[in-house]
Amino acid sequence: MNPKSANVGIVIVSHSPLVAQGAADMVRQMVGDCVPLAWSGGNAEGGLGTHAAGILAAIERAWSEAGVAVFVDLGGAETNSEMAIEMLGEPRSGRVIICNAPLVEGAVMAAAEASGGAALARVVATAQELSP
Amino acid sequence: MLVVLANAALIGGLIDICREVIAANADHLSELDRAIGDGDHGTNMRRGLEAVYAERSRLAYLPLPKALEEIGLTLVMSVGGAAGPLYGTLLIETGRQLAGSGDVDFPRALERAIDAVARRGRASAGDKTLLDVLYPVHAEVVRRAGLAGVAEQAERAASLTFGMKAMRGRASFLGDRSIGHIDPGAKSCALLTAAICRFLEEQSPA
Ligand SMILES: [Mg+2]
């Protein structure tokens with residue numbers, strides 16, 4: 001197994017491609033290449049919005065046997081992420097968790113935790129400590 | 001009802017009329033969404049129905065439960081917003097319930113599918129969502145109201161969301177200011193229900 005995929009993966013989902021990509025850039029600056037990372041932003045036509053197919057593809061790109069933590073902005077991002085996780089199918093769907101945390105801070109803190117080799121539950125808990 | 005429905009002309013016809021009613025009302029739906037949301041409901045739904053229409057010739061030759069499930073999956077993959085997962089769940093679950101081994105009739109399948117939509121959206125009756133149309137429609141189906149009655153009830157139910165305060169989705173950020181607008185999801189649901197009822201009425205033998 002390559003060292004990259006040994007760490008928990010991070011997926012960022014925003015209604016805006018610019019926000020999603022920008023947050024991913026900040027994560028990359030923090031942890032470099034040692035955490036699998038992908039983002040999905042915008043609807044199927046590239047406008048503001050979210051879509052399950054794009055999120056599913058992002059989870060596949062950031063896939064890690066250690067699991068994937070997903071960060072979302074507004075309602076539709078969460079609902080479409082849930083749908084994408086279901087479509088991933090068992091048993092992998094059980095290893096993907098949507099974090100109840102702020103998108104940017106959550107993703108950066110989770111990635112820092114993941115880069116040290118922390119397990120999925122630990123990565124998620126670290127991000128969720130941001131949300132009282 | 002199911003026996004009548006299970007053929008290519010009917011599945012294809014249903015796809016056609018749903019696509020038509022959404023295309024004809026897409027601007028209006030986006031306008032309703034602009035008032036209390038992000039203004040994309042009409043374009044999102046139109047994109048979804050166009051994606052379904054693009055697969056029409058394949059979908060029409062599937063058994064009805066399978067067709068419903070696949071139409072739902074197509075909507076999930078193409079609509080986006082909250083509407084994609086919600087309409088997708090409704091159709092996927094209706095199809096799966098009808099295909100299941102148990103003796104599940106249409107009203108029972110619809111009931112379970114609506115419950116799945118409520119879980120997916122973490123919403124309940126009165127939250128100003130498409131559930132406020134789905135629940136009354138199901139009640140009419142259960143009491144075996146005629147197709148015209150179901151259509152009328154759907155339209156009436158959508159109008160009633162005007163006075164509701166949104167509890168889910170982006171409209172909920174507006175609090176009391178969401179009152180005084182029809183919910184776009186409830187409206188699209190009523191338009192689709194009414195179009196489907198009209199179509200089925202035209203198909204049924206006099
Ligand atoms: Mg919208």
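Guide: Contact here means heavy atoms within 4.5 Å. This is a predicted model: local features need pLDDT of at least 70, side-chain atom pairs count only at pLDDT 80 or more, and totals for chains, interfaces and linings use all residues. Residues are numbered from 1 along each chain as its sequence is written, chains are lettered from A and ligands numbered from 1 in the order in which they are written, and side-chain values use heavy atoms, with hydrogens and water left out.

Visitor: How many residues of chain A are in contact with chain B?

Guide: Chain B brings 17 residues to this contact. The number from chain A is 19.

Visitor: What area do chain A and chain B bury between them?

Guide: Buried area is the accessible area (1.4 Å probe) that two parts lose on being put together, summed over both. Carbon and sulfur atoms hold 55% of it here. The total is about 1,400 Å².

Visitor: Which residues of chain A lose the most area to chain B?

Guide: Three residues stand out, together giving 31% of what the chain A side buries. They are Leu74(A), Thr79(A) and Met83(A).

Visitor: Which residue of chain A forms a salt bridge with Arg120(B)?

Guide: A salt bridge needs a side-chain nitrogen of Lys or Arg within 4 Å of a carboxyl oxygen of Asp or Glu. By this rule, five cross the interface of chain A and chain B. For Arg120(B), the closest N and O atoms are 3.8 Å apart. Its partner is Glu82(A).

Visitor: Where in chain A is the salt-bridge partner of Arg47(B)?

Guide: Arg47(B) pairs with Glu45(A), and their closest N and O atoms are 3.1 Å apart. Arg47(B) sits in helix α3 (residues 41–54) of chain B. Glu45(A) lies in the loop between β2 and α3 of chain A.

Visitor: What is the order of the strands in the open sheet of chain A?

Guide: Helices (H or I, at least four residues) and strands (E, at least two) are DSSP runs, numbered from the N terminus. Two strands pair if DSSP finds at least two bridges between them. Pairing in this sheet of four strands is parallel. The order is β2-β1-β3-β4.

Visitor: Why do β2 and β4 of chain A each have one side without a neighbour in the sheet?

Guide: β2 (37–41) and β4 (96–98) stand at the edges of the sheet. One side of each is free because each has a single partner strand.

Visitor: Which residue stands opposite Ile12(A)?

Guide: Strand β1 (residues 9–14) and strand β3 (residues 68–72) of chain A pair in the parallel sense over five bridges. Opposite Ile12(A), in β3(A), is Phe71(A).

Visitor: At what angle does helix α5 of chain A run to β1(A)?

Guide: Axes are lines fitted to C-alpha atoms, for helices over the stretch in contact, and angles run from 0 to 180 degrees between N-to-C directions. Helix α3 (residues 52–61) of chain A lies across β1, β2 and β4, at about 175° to β2(A). Helix α5 (residues 103–115) lies across β1 and β3 of chain A. The angle of α5 to β1(A) is about 170°.

Visitor: At what angle do helices α8 and α10 of chain B cross?

Guide: α8 spans residues 131–142 and α10 spans residues 184–203. Their axes come within 8 Å. They cross at roughly 35°.

Visitor: Which peptide bond of chain A is cis?

Guide: Most peptide bonds are trans. This one has omega near 0°. Its proline is in the loop between α4 and β4 of chain A. The bond runs from Glu90(A) to Pro91(A).

Visitor: What is phi of Arg122(B)?

Guide: Arg122(B) is in the loop between α7 (106–121) and α8 of chain B. Its phi is positive, though the residue is not glycine. The value is near 45°.
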